Amino acid sequence: MTERRRESCVTPMRSGSFSRSEEPVELLVERVGAQGDGIAQHRGEPVFLPFAAAGDRVRARLGAKRGGGREGRTLERLVAGPDRVEPPCPHFGVCGGCTLQHLNESAYRSVKLGALHAALARVGIDPGVVAPLRAATPGRRRARIGIEMPHDTTLPVRIGFRERFQHRLVDINECRLLEPALFRVVVELRRAAAAILRGGMRADAILTRTDSGIDLLIEAAERPTLGALGALAGFAEECDLARVVWRISGDDLPVIERRPPRVVLSGVAVPFPPGGFLQASEPAERILVAEVLRGAGLRRPVLDLFAGLGTFTFPLAAAGSVHAVEGDERAAAALARGAAAQPRVSVERRDLMRDTPPPEWLSRYAAAVFDPPRAGAARLADALARAALETVVAISCNPATFVRDAARLIAGGYRLERVIPIDQFVWTAHLELVAVFRH
Ligand SMILES: C[S@@+](CC[C@H](N)C(=O)[O-])C[C@H]1O[C@@H](n2cnc3c(N)ncnc32)[C@H](O)[C@@H]1O
């Protein structure tokens, strides 16, 4: 069978940003970029082709402008590049949950590390500080899943992740990304959805597997009906969920709590607030914690900045005192409750972006652990740079903002000792890392 016949129509065409008025074009994919899309050139501008591999020759339709180029949608793969392997999931190529299931191991690793190396090189940091990629077994314990109930409720509900570059939900009946117990709840949710959502309604289900069971937070633009509340309570019983909460415009309506959701962090039980933050995968979290402890060593007192529920706070407290700072009200309250019987842990709620601690205050600590959201924390990096602590351990899920903040620390006199890349977000282009800076 020829390549052309076997692989024709790899991606079903949909409407959206791909106009049919423009003729399809033939493209050669040169490489896979930092976001995980294949990149080809067309009339001097890059075209970003989801699910493509270097060496693929494709017939594609061009779509909206994006990142200095155009979105592209493969209509037909004419020739497959040499890095291709059979993706393990049947939804791969349509579902936006995974972007990199189609690459062999070495191509996969070089895409994952390529973005980090390029980002480091941009600010003049030698990529030689980067350790080999640490693999974590796939299995996320938290996920945001979209649900769409058609206006005609006799039609099947759509439940899954969004398409790459699109708002459209891709209905999934299999997922290797999630812990199996979490995906079982997704399967059951499909069955129960008609009793929970009215026709034409959309919602997001945020599922988190805590240490006392699965927590379900429904985010929707409408209030639940009485029938929906009853159906959700029944659903919680059937699936043995710990809790269900319905969130509308930021307000939480408790639906049912069968067991208080909690996470156990280094032996300390911390209440889990609805939709709270946890590292996405438990195996990756174990690597992160071990690397943070190795980087901080026995230096105490230590600051845990952007502490969340205390993923690093409690392990760090085994060797001395820790001051944990967290901005989110619910997270900080939960962390404080967990820390109540921990004399070595103090907790402060503070907006670290607006109310950045001054260098003199930071200098009271021997080390700082620094785990900001994806946007990074430039002002705090500047303050840390002027504070001259012995050690700063940075955790990041975004190489671009990490290097910006790292460059500030280095300009302040720190030396970047090592960067440990961790494959927490398996089959996607996202990369987690731990970096150790010494003064
Ligand atoms: C990437 S999470 C890390 C949480 C924790 N270190 C962990 O590993 O579980 C980032 C944390 O920063 C917090 N955060 C976001 N913006 C903040 C701000 N302006 N000030 C303080 N904390 C903030 C979030 O609530 C979240 O808990």
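How are α9 and α10 oriented to each other? They are roughly parallel, because their packing angle of about 20° falls under the 35 degrees that sets the limit for that label. Keep in mind that this is a predicted model.

## The α9 and α10 pair

Let's stay with these two helices for a moment. Helix α9 covers residues 378-387, and its axis runs 8 Å from that of α10. If you look at handedness, α9 passes α10 in a right-handed crossing.

On the α9 side, the contact uses A378, A381, D382, L384 and A385, while α10 brings in R404, D405, R408, L409 and A411. Sorted by class, that contact has six nonpolar residues and four charged ones, with no polar residues.

## α2 against α10

Helix α10 (residues 399-411) also meets helix α2 (residues 105-122): their axes come within 9 Å and cross at roughly 30°. That angle makes α2 roughly parallel to α10. The crossing of α2 past α10 is right-handed.

Who does the touching here? From α2 you get A115, L116, A119, L120 and R122, and from α10 you get P399, A400 and V403. This contact divides into seven nonpolar residues and one charged residue, with no polar ones.

## Domains

The domain assignment splits the protein into three pieces, and domain 2 is written as two segments, 110-137 and 278-438. Domain 1 takes 3-82, and domain 3 takes 142-260. As for spacing, the C-alpha centres of domain 2 and domain 3 sit 32 Å apart.

## Around the ligand

Which residues come nearest to the ligand? Out of 17 around it, F306, G308, T311, G327 and D328 do. By class, the shell has nine nonpolar residues, plus four polar and four charged.

F306 is worth a second look for its backbone. Its phi is near 65°, a positive value in a residue other than glycine. Most residues other than glycine have a negative phi. You'll find F306 in the loop between β15 and α6 (313-317).

## A cis peptide bond

One more backbone detail to check: R300 and P301 are joined by a cis peptide bond, with omega at about 0°. Most peptide bonds are trans. P301 belongs to the loop that links α5 (282-296) and β15 (302-305). So β15 has P301 in the loop on one side and F306 in the loop on the other.

Key
Residues numbered from 1 in each chain as written. Predicted model: local features only at pLDDT ≥ 70, side-chain atom pairs only at ≥ 80, totals over all residues. Axes fitted to C-alpha atoms, helices over the stretch in contact; angles between N-to-C directions. Helix = DSSP H or I, 4+ residues; strand = E, 2+ residues; numbered from the N terminus. Parallel < 35°, antiparallel > 145°, perpendicular 65-115°, else oblique. Left-handed = near helix turned anticlockwise from the far one by under 90°. Contact = placed C-beta atoms within 7 Å. Nonpolar A, V, L, I, M, F, W, Y, C, P; charged D, E, K, R; others polar. Domains from an automatic or database assignment. Near = placed C-beta within 6 Å.
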